[in-house]
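These are my notebook entries on a structure that I had not examined before. I set down what I looked up, topic by topic.

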Amino acid sequence: METRINVFEKGQKAISTLFGVSGYLKKSGLEKSLLELVDFRVSQINNCAYCLDMHSKEAIANGETTQRLFGLSAWRETPYFTERERAALAYAEAVNACDVPDEVYNIAKASFSEEELIDLTLAIGAINIWNRINIAFANTPGAYRVGQFG
């Protein structure tokens with residue numbers, strides 16, 4: 001696959017806005033490990049190889065296990081995830097599908113404060129934008145280095 005547009009070079013105005021959202025989320029009350037799981041799971045669903053490469057490296061560098069990453073697509077059938085993580089993953093899948101049933105929302109609301117739920121929704125939206133940018137412009141996976149974007 002060949003990169004169509006180097007978005008980090010040609011789209012600095014747009015990308016700086018997204019980096020601002022990412023910076024906000026890093027300072028939010030949501031755990032970095034939780035955000036990485038959500039980013040990885042949504043990227044799996046959206047088939048974004050660049051983001052899977054990036055978020056697997058970031059997650060592992062921050063102490064995530066390969067067992068949990070390998071089992072993430074089947075998280076419902078594994079014992080590896082906490083109730084809070086399960087609530088976030090179910091919510092992320094529902095928001096990503098643009099269909100959030102009351103049952104999923106209520107489970108998420110029981111695990112997250114209102115501010116955290118807003119931040120989690122923002123995180124899901126943000127990774128969706130990144131997925132679409134990386135898929136549309138064919139950014140090649142594999143070269144990402146941990147901490148490359150701050």
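**Entry 1. The end of helix H6.** I began just past helix H6, where Cys-98 follows with a positive phi, near 55°. The model is a predicted one, and I read every value below as computed from it. Most residues other than glycine have a negative phi. Cys-98 is not a glycine, yet its phi is positive. I placed Cys-98 in the loop that runs between helix H6 (83–96) and helix H7 (102–111). Is Cys-98 buried or exposed? Its relative accessible area is 74%, and because the cut-off for exposed is over 50%, Cys-98 counts as exposed.

**Entry 2. Helix H6 itself.** I then checked the length of H6. Its 14 residues should span 20 Å at 1.5 Å a residue, and the end C-alpha atoms are 20 Å apart, so expectation and model agree. I also looked up how covered the helix is: of its 14 residues, 13 are buried.

**Entry 3. Glu-93.** Within helix H6 I chose Glu-93. Its relative accessible area is 14%, and because buried means under 20%, Glu-93 counts as buried. Which side chain joins that of Glu-93 in a polar contact? The partner is Arg-41, at 2.8 Å. I listed the contacts of Glu-93 as well, leaving aside neighbours within four places in sequence: they are Arg-41, Ile-45, Trp-75 and Arg-76.

**Entry 4. A second positive phi, at Asn-47.** I next looked up Asn-47, which is not a glycine but has a positive phi of about 60°. Asn-47 lies in the loop between helix H3 (32–46) and H4. With a relative accessible area of 63%, Asn-47 is exposed.

**Entry 5. Phe-40.** I moved back into helix H3, where Phe-40 is found. Phe-40 has 8% relative accessibility and therefore counts as buried. Which residues does Phe-40 touch, not counting those up to four places away in sequence? I noted Leu-52, His-55, Ser-56, Leu-69 and Leu-72. I also looked up the separation of Phe-40 and Ser-73, which are 33 residues apart along the chain: their C-alpha atoms are 9.5 Å apart.

**Entry 6. His-55.** One of the residues touched by Phe-40 is His-55, so I turned to it next. His-55 belongs to helix H4 (residues 49–61). At 6% relative accessibility, His-55 counts as buried. The side chain of His-55 is joined to that of Glu-36 by a polar contact of 2.7 Å. Not counting residues up to four places away in sequence, His-55 touches Glu-36, Asp-39, Phe-40 and Ile-127.

**Entry 7. The cavity.** How many cavities of 30 Å³ or more are there? I found one. The largest cavity has a volume of about 400 Å³. Its lining is made up of 22 residues, and those closest to its centre are Ser-22, Lys-26, Asp-39, Met-54 and His-55. The elements that contribute two or more residues to the lining are helix H2 (12–27), H3, H4 and helix H8 (114–136). I sorted the lining by residue class: 13 are nonpolar, four are polar and five are charged. I noted that His-55, recorded above as buried, is among the residues closest to the centre.

**Entry 8. Leu-30.** I looked next at the loop between H2 and H3, in which Leu-30 is located. Leu-30 is buried, with a relative accessible area of 4%. Leaving aside neighbours within four places in sequence, Leu-30 is in contact with Leu-35, Arg-84, Phe-112, Glu-116, Asp-119 and Leu-120. I also looked up Ser-16, which is 14 residues from Leu-30 in sequence; the two C-alpha atoms are 22 Å apart in space.

**Entry 9. Helix H8.** My last check concerned H8. For its 23 residues the expected span is 33 Å at 1.5 Å a residue, and the end C-alpha atoms are 33 Å apart, so the two agree. Just after H8, Ala-138 has a positive phi of about 55°.

Note on methods. Residues numbered from 1 in each chain as written. Predicted model: local features only at pLDDT ≥ 70, side-chain atom pairs only at ≥ 80, totals over all residues. Heavy atoms only, no water. Helix = DSSP H or I, 4+ residues; strand = E, 2+ residues; numbered from the N terminus. Buried < 20%, exposed > 50% of the residue type's maximum accessible area, 1.4 Å probe, protein only. Polar contact = N/O pair within 3.5 Å; in protein donor to acceptor, adjacent residues only side chain to side chain. Contact = heavy atoms within 4.5 Å. Expected span 1.5 Å × (residues − 1). 1 Å grid on protein atoms, 1.4 Å probe; cavity = no way out; pocket = protein on both sides within 12 Å on 5 of 7 lines; lining within 4 Å. Points joined across faces, edges and corners; volume = space filled by probe spheres on them. Nonpolar A, V, L, I, M, F, W, Y, C, P; charged D, E, K, R; others polar.
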